[in-house]
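Me: I am new to this structure. Please show it to me, then let me ask how its labels are justified.

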Amino acid sequence: MEDTTKLNTSKLGTKQYWDDFYALERQNFRENPEDTGECWFDDSNGEMKMVEFLSDNIGQHSIKQDSSVLDMGTGNGHLLFELIENDFTGKMYGVDYSQESVTFAQEIAKEKGLDDGIVFSQADIFDTAWNPGEFDIVLDKGTLDAVALSGFKVDGDRPITEVYNKVIEKLLKKGGVFLITSCNFTQDELIKIIENDKLKFWHSIHYPVLEFGGVKGSTICSVAFIKE
Ligand SMILES: C[S@@+](CC[C@H](N)C(=O)[O-])C[C@H]1O[C@@H](n2cnc3c(N)ncnc32)[C@H](O)[C@@H]1O
């Protein structure tokens with residue numbers, strides 16, 4: 001198995017990259033309010049697969065129509081808007097460390113008339129002083145991928161992948177569900193990073209398997225965990 005702590009770093013990992021990225025997306029949105037920006041993993045239908053998974057599993061563990069939901073590294077907030085449009089009625093929170101992303105998501109919420117239903121706020125998910133409470137459902141779509149590329153170390157020497165499950169544990173209620181979609185990590189790698197004495201693998205979402213040069217693999221994977 002790949003050593004997940006030794007991924008190459010890239011500009012996708014820097015906060016400056018995301019500030020610039022969302023500043024440009026805001027500008028595009030101002031010029032054309034229908035352009036709500038990049039939807040990560042759209043080509044694999046990742047967002048809809050996550051929403052469908054939650055809809056199909058209402059009644060399981062903490063998944064209810066009115067579950068509280070936190071989206072970590074929310075970007076343009078699209079995943080939360082999609083949940084609301086698919087009849088999820090609970091409190092929705094989107095956090096991102098890029099203030100440009102937060103402002104962008106707030107602007108889209110206003111345009112959609114959803115600004116009462118969702119709170120977007122700026123926070124670094126690895127900031128130990130950040131304590132937003134516990135949620136029924138916590139989501140990550142592409143955020144661990146971006147974070148892993150930052151090369152950032154917690155306390156100077158601990159790789160992000162080593163502390164990531166502690167962040168999830170802090171944010172989930174007992175019985176809560178964590179659902180992550182990634183293109184950098186395989187299902188086995190995610191299980192290795194996330195499982196601990198409280199967080200247990202529950203389900204994965206099926207994606208079509210691509211075959212190239214005799215090697216089989218999905219482009220992305222989505223994996224759900226339960227906090228016991
Ligand atoms: C690949 S984008 C995905 C955005 C969104 N989840 C989506 O699916 O469109 C990664 C996001 O994670 C955010 N991010 C990266 N590191 C973060 C951190 N430490 N705390 C909070 N957000 C972070 C970036 O600003 C960016 O919005």
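Here are some questions and answers on a loop residue and two helices.

Reply: Go ahead. Keep in mind that this is a predicted model.

Me: Why is Asn 196 called buried?

Reply: Buried means under 20% relative accessible area. Asn 196 has 14%, so the word applies. This residue lies in the loop between α7 (187-194) and β8 (199-205).

Me: What makes the link from the side chain of Asn 196 to Lys 198 a polar contact?

Reply: The cut-off is 3.5 Å between N or O atoms. The side chain of Asn 196 comes to 2.8 Å from the backbone nitrogen of Lys 198, so the pair falls within that limit.

Me: Which residues does Asn 196 touch, leaving out those up to four places away in sequence?

Reply: Asn 165, Lys 166 and Glu 169. Asn 165 and Glu 169 are among the buried residues of α6.

Me: How do you know that the length of α6 agrees with a helix?

Reply: Helix α6 covers residues 160-171, 12 residues. At 1.5 Å a residue, the expected span is 16 Å. The end C-alpha atoms are 16 Å apart, so the two agree.

Me: Why is α6 called largely enclosed?

Reply: Because 9 of its 12 residues are buried. Among them are Ile 160, Val 163 and Leu 171.

Me: What makes α3 largely enclosed?

Reply: Helix α3 spans residues 78-85, and 6 of its 8 residues are buried, so the description fits. His 78 and Phe 81 are among the buried ones. Their cover includes α2 (46-56), β1 (69-72) and α4 (99-112).

Me: Which residue just after α3 has a positive phi?

Reply: Asp 87, at about 70°.

Key
Residues numbered from 1 in each chain as written. Predicted model: local features only at pLDDT ≥ 70, side-chain atom pairs only at ≥ 80, totals over all residues. Heavy atoms only, no water. Helix = DSSP H or I, 4+ residues; strand = E, 2+ residues; numbered from the N terminus. Buried < 20%, exposed > 50% of the residue type's maximum accessible area, 1.4 Å probe, protein only. Polar contact = N/O pair within 3.5 Å; in protein donor to acceptor, adjacent residues only side chain to side chain. Contact = heavy atoms within 4.5 Å. Expected span 1.5 Å × (residues − 1).
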